[in-house]
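Please open the structure in a viewer and keep the sequence panel visible. The stops below are arranged so that each selection leads on to the next.

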Amino acid sequence: MDFTLTIVASDTPLSAGHLLDISKFCSNSGLMVTGEASWLEPHKAADIPVAECANIEQIKALRTFLAADKIDIFCTRTADRRKKLLIADMDSTIVTTETLDELAAEAGIKDQIATITERAMRGELDFHAALKERVGLLKGLPAAALKRTLDQTEISTGAEKLVKTMRDNGAFCALVSGGFTYFTQAIADQLGFTVHHGNTLEIADDKLTGTVAQPILDKDSKLAFLKKYTQDLEINLGDSIAIGDGANDLPMLQAAGLGIGYHPKPLLEDALVNCIRFTDLTSVLYMQGYQSEDFSR
């Protein structure tokens, strides 16, 4: 069974020398290179065919080898590289920030809430308890703060190109977040996601009540949505991509055909072969064998 190493550059241009050095490093690490490297975009992204999937130790060694030049490396099955389903987390993945933390800035307690968020995303806290605690601290915040927070939310580089290219090639794209539907709705509409799912902040008299509507969307829900949409589309899990950054994404990422950590927390980086550490979300397209001229504009 054939696999492909995909190498994507960030700041330092990718050179033929890089590709030769990577091939030699693979051979010395017990990963057999089976053919010549090919460019997906000159000096930006390239493929190298290998006989088997790099294991986590080999991929960590390759990451270390390429870290100085901020080059990312991924390993995927060569067959059926272009996926039919994309499931993406929102906060710190499709958007650059944690929207709950930014909403807390409106209440003047961003640092307090961001500390809890960070611990939850690292898997150090129960997600349900951490979410309820953070939302409870926002009780009484005017609902108008949601719009101000949304207006300041930035889309991650490459996100729009990723979703549009996959949609234009027939993929179903779902935004699935432990964040809030106020934001998932707007971001999904802006980028062209097929559907979106999130938690619902409860509001009364134009103020946040400090509560979240049940049921709470969590790591199990994300995995359930992955399975639901593969069934609805009558495809295999192998035809899916999932991407996220935190602990509540891990079950979904491990179950997907291609699970990707995006600027991931340490728990994900230690567990996943495919992590975007330096580059942007167009790397998800390169991993699928898309060349730069295939990207939707």
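The tour passes from a strand to a helix, then to salt bridges, a cavity, a histidine and a pocket.

The model is predicted, so that local features need pLDDT of at least 70 and side-chain atom pairs count only at pLDDT 80 or more, while totals for chains, interfaces and linings use all residues. Residues are numbered from 1 along each chain as its sequence is written, and side-chain values use heavy atoms, with hydrogens and water left out.

**Stop 1: strand β5**

Select residues 85–88, which form strand β5. Helices (H or I, at least four residues) and strands (E, at least two) are DSSP runs, numbered from the N terminus. Both faces of β5 are covered: L85 and I87 on one side, and L86 and A88 on the other, are all buried. Buried means under 20% relative accessible area, exposed means over 50%, and partly exposed lies in between (1.4 Å probe, protein chains only).

Next, add residues 172–180, strand β6, which runs parallel to β5 and is joined to it by four bridges. Two strands pair if DSSP finds at least two bridges between them. Add also residues 240–244, strand β10, which runs parallel to β5 and is likewise joined to it by four bridges. L86 is a useful reference point: it stands opposite C173 in β6 and opposite I241 in β10.

**Stop 2: helix α9**

Select residues 181–191, helix α9, where F183, T184, I187, A188 and L191 are buried. Seen down the axis of α9, these buried residues fall within an arc of 125° (taken from the directions from the helix axis to the C-beta atoms), so they line one face of the helix. An α-helix has 3.6 residues a turn, so residues three or four places apart point the same way. On the other side of α9, D189 and Q190 are exposed.

To see what covers the buried face, display α3 (90–94), α4 (99–106), α7 (144–152), α8 (159–168), β6 and β7 (195–199); the buried residues of α9 pack against these elements, a contact being heavy atoms within 4.5 Å. Just after α9, G192 takes a positive phi of about 90°.

**Stop 3: salt bridges**

A search of the whole structure finds 14 salt bridges, each defined as a side-chain nitrogen of Lys or Arg within 4 Å of a carboxyl oxygen of Asp or Glu. Begin with K222 and D89, whose closest N and O atoms are 3.0 Å apart. This pair links distant parts of the chain: K222 is in helix α10 (residues 219–233) and D89 is in the loop between β5 and α3, 133 residues apart. Both K222 and D89 are buried. Add D249 to the selection, since D89, K222 and D249 are linked in a network of salt bridges.

Move to D245 and K265, which meet in a salt bridge of 2.8 Å, N to O. D245 lies in the loop between β10 and α11 (250–255) and K265 in the loop between β11 (258–262) and α12 (266–271), so the pair ties together parts that are 20 residues apart in sequence. Both D245 and K265 are buried.

For a pair within one helix, select D151 and K147, whose side chains meet at 2.8 Å, N to O. The two are separated by about one helical turn because they are four residues apart in helix α7. K147 counts as partly exposed, at 44% relative accessibility.

**Stop 4: the largest cavity**

On a 1 Å grid over the protein atoms alone, a cavity is a set of points where a 1.4 Å probe fits but cannot get out, and a pocket is an open set with protein on both sides within 12 Å along at least five of seven lines; lining residues have an atom within 4 Å of a point. Grid points are joined across faces, edges and corners, and a volume is the space filled by probe spheres set on the points.

The count comes to one cavity of 30 Å³ or more, and about 150 Å³ of space lies in the largest cavity. Of its 18 lining residues, select D91, E98, M121, G178 and G179, the closest to its centre. The largest share of the lining, four residues, comes from β6.

**Stop 5: H18**

H18 is found in helix α1 (residues 16–28). At 14% relative accessibility, H18 counts as buried. Not counting residues up to four places away in sequence, H18 touches T12, P13, D69 and I71.

**Stop 6: the largest pocket**

About 380 Å³ of space lies in the largest pocket. Of the 22 residues lining this pocket, T76, R77, A256, G257 and L258 lie nearest its centre. The largest share of the lining, three residues, comes from β4.
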